Amino acid sequence: NEVLLEAEGLKKYFPVTKGLLISKVTGWIKAVDGVSFQVRAGETLGIVGESGCGKSTTAKMLLMLEEPTEGTIRYQGQEIRNASSEQRRAYRSSVQAVFQDPWSSLNPRMRVRDLIAEPMVINLNLSRREMQDRVTKLLGDVGLSNYHANLYPHEFSGGQRQRLAIARALSVEPRVIVLDEPVSALDVSIRAQIMNLLKDLQEEYNVSYLLIAHHLATVRYMCDWVAVMYLGQIVEFGPTKELFQNASHPYTKALMNAALPSHPDIEQEEMILTGEVPSPLNPPEGCRFHPRCPFVMERCSRDIPEVTELAPGHVVSCHLY
Ligand code: SF4
Ligand code: MG
């Protein structure tokens with residue numbers, strides 16, 4: 001499918017400063033350090049990794065909530081950094097977001113009707129009547145009803161609030177929705193409902209998703225493509241089925257073990273993920289995973305692994321390959 005949204009060599013470094021009055025930069029937190037991927041029309045790309053791996057910062061850069069330190073974001077071939085203010089406005093409308101609990105940050109005194117309509121007021125030129133009709137349609141599409149339009153956010157459960165967030169994001173007919181941990185805060189029993197809803201809506205609205213998650217089960221269920229991130233970098237990438245069948249990077253295998261304790265294809269001694277994630281301030285030299293890797297070799301602490309293609313579209317960065 002056509003590439004809609006593209007990141008190339010994306011980096012985000014945050015300065016570490018010392019001193020209160022005259023602050024001096026003493027180092028850089030390399031939250032995202034050279035990440036590239038493509039989101040294609042009507043497809044879902046998942047970015048998975050432990051907390052602190054840089055996946056949320058990546059999402060924020062795509063949403064223009066953080067300015068990249070380096071690298072390029074392109075939407076339909078157009079570089080965002082060089083876009084006109086009109087193009088940037090159109091981009092903000094075309095690329096919407098759903099966060100873990102977005103309604104916690106919305107005005108609690110506004111009725112659901114107005115909260116869902118708000119992006120339309122900003123981005124679309126619709127009559128009051130058209131907007132009302134659209135709110136009704138959206139509520140139906142996310143499994144709620146017009147009755148809910150007059151309620152306030154606190155009157156909803158977590159799962160219902162996520163349905164509302166999805167309706168709000170869809171209201172301006174985006175081409176891409178960034179889903180940052182959309183089901184992580186929900187009860188396990190609700191998660192599948194929301195994931196199925198997202199899948200149905202993807203068909204109906206022909207929207208692409210960039211899904212940020214730390215649960216492998218979520219990306220496995222939702223995604224066409226999966227990128228595994230570790231300490232600011234993508235260490236393995238591929239089509240979902242291929243990646244889960246032939247997980248190759250020791251970190252990916254370790255994540256799978258943590259998620260699927262009795263995974264039959266992985267040997268027991270390969271499976272234990274020990275130690276804390278090192279700080280993205282002064283990340284390890286060579287392969288960033290080497291302090292935790294059960295297969296570490298001498299060169300791993302010295303040489304940065306190159307990208308190797310194992311199967312069509314399936315790439316890994318590790319000296320074992
Ligand atoms: Fe482990 Fe070396 Fe591969 Fe890094 S490059 S994942 S340390 S084997
Ligand atoms: Mg996060």
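**From the ligand shell to the sheet**

In this predicted model, the residues that make up the shell around ligand 1 comprise eleven nonpolar, three polar and no charged ones. The shell has 14 residues, and those that come nearest to ligand 1 are Cys287, His290, Cys293, Cys300 and Cys318. In reading that division, it helps to keep in mind that cysteine is counted here among the nonpolar residues.

Elsewhere in the chain, four strands build an open sheet, in which the order is E2-E1-E4-E5 and the pairing is antiparallel. The edges of this sheet are strand E2, covering residues 24-40, and strand E5, covering residues 78-79, each of which pairs on one side only. In general, the strands of a sheet are paired through backbone hydrogen bonds, in either a parallel or an antiparallel manner.

At the E5 edge, strand E4, which spans residues 70-75, runs antiparallel to E5 and is joined to E5 by two bridges; in one of the bridge pairs, Tyr75 has Gln78 in E5 as its partner. Helix H1, formed by residues 55-62, lies across three of these strands, namely E1 (residues 3-18), E2 and E4, and runs at about 115° to E1.

How far the coordinates can be trusted is a separate matter. The protein has a mean pLDDT of 91, with 94% of its residues at 70 or more, but over residues 266-271 the pLDDT is below 50, although this stretch has ten contacts in the model beyond near neighbours in sequence. Where pLDDT is low, predicted coordinates should not be read in detail. For the model as a whole, the scores are ipTM 0.93 and pTM 0.92.

Technical notes:
Residues are numbered from 1 along each chain as its sequence is written. Chains are lettered from A and ligands numbered from 1 in the order in which they are written. This is a predicted model: local features need pLDDT of at least 70, side-chain atom pairs count only at pLDDT 80 or more; totals for chains, interfaces and linings use all residues. Two strands pair if DSSP finds at least two bridges between them. Two residues are in contact if their C-beta atoms, placed from the backbone, lie within 7 Å. Axes are lines fitted to C-alpha atoms, for helices over the stretch in contact, and angles run from 0 to 180 degrees between N-to-C directions. A residue is near a molecule or strand if its C-beta atom, placed from the backbone, lies within 6 Å of it. pLDDT is the predictor's confidence in each residue, from 0 to 100.
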